[in-house]
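Visitor: Can you walk me through this one? I'm new to protein structures.
Guide: Sure, here it is.

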Amino acid sequence: MPVSADNESLKKQFAEFLKRKKYRGTQERFNVIDRISELDRHFNADELYLYMNGRGDRISRATIYSTLDLLTTCGILMKHRFQGGSAHFELASRMPDHDHLICVECGRIEEFRDERIDEIRDTVSGKLGFRPMAHSLQIFATCHDPLACPHNTQE
Ligand SMILES: [Zn+2]
Ligand SMILES: [Zn+2]
C-alpha cells in the first residue's frame, strides 16, 4: 500500500515529539503509523498486534503498547475507553467530527454525527463559562436486532 502524504506529516510530527522527549525514533514505531492508517477504524492494542504480525511485521506487544501511548500523548491518536473494556484507539484526524454508539453485548462500535450535539456542547459550555474545544460522546446500547448482535469488531 502506498504511503500517503498524510502519513508523512504524522511521522514528522511524531519524530519531532520523540526528539523533544528524547525517545528513540525506531523504524518500528514509524511503521505503526502506516499500519494504523491502513486499518482506518477503531482498534485495541491486541488487534493491532495481530494485524501487524499477520502482515509480517515482527513487532512485540510491548513495543505496540509503548508506541500507542506515545502516539496518544503527542496527539496523533485518540484513546477511547468504551465501557471499561480495553482501550480503543483511532487517528485523531478522524475526530472530532463523530461520536460513538457502543453495543454493550457484542462491542460493536458505530460512528455517527449529529450537529445538535455540537449545539448542546456550545450552549452548555457558554452557560458555565467555558470555551469548548472538542467533545466525546459515547452512547451505550444494545444492537436492535439480537440476531445481528454477536458480530464483533474483530473483523
Ligand atoms: Zn470513532
Ligand atoms: Zn451487539
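Visitor: Is T63 buried, exposed or partly exposed?
Guide: T63 is partly exposed, because 18 other C-beta atoms lie within 10 Å. Buried takes 20 or more other C-beta atoms within 10 Å of a residue's own, exposed 12 or fewer, and partly exposed is in between, with C-beta atoms placed from the backbone.

Visitor: Where's T63?
Guide: In helix α4, residues 61-73. Helices are DSSP runs of H or I, at least four residues, strands are runs of E, at least two, and both are numbered from the N terminus.

Visitor: Can I trust all this?
Guide: This is a predicted model: local features need pLDDT of at least 70, side-chain atom pairs count only at pLDDT 80 or more, and totals for chains, interfaces and linings use all residues. Residues are numbered from 1 along each chain as its sequence is written, while chains are lettered from A and ligands numbered from 1 in the order in which they are written.

Visitor: How far is T63 from Y49 in space?
Guide: 9.5 Å, C-alpha to C-alpha. In sequence, T63 and Y49 are 14 residues apart.

Visitor: New topic. What order do the strands of the open sheet take?
Guide: β4-β3-β5, with mixed pairing. The edge strands are β4 (109-112) and β5 (138-141), each pairing on one side only. Two strands pair if DSSP finds at least two bridges between them.

Visitor: In which sense do β3 and β4 pair?
Guide: Antiparallel, over four bridges; β3 covers residues 99-103. I102 has I109 in β4 as its bridge partner.
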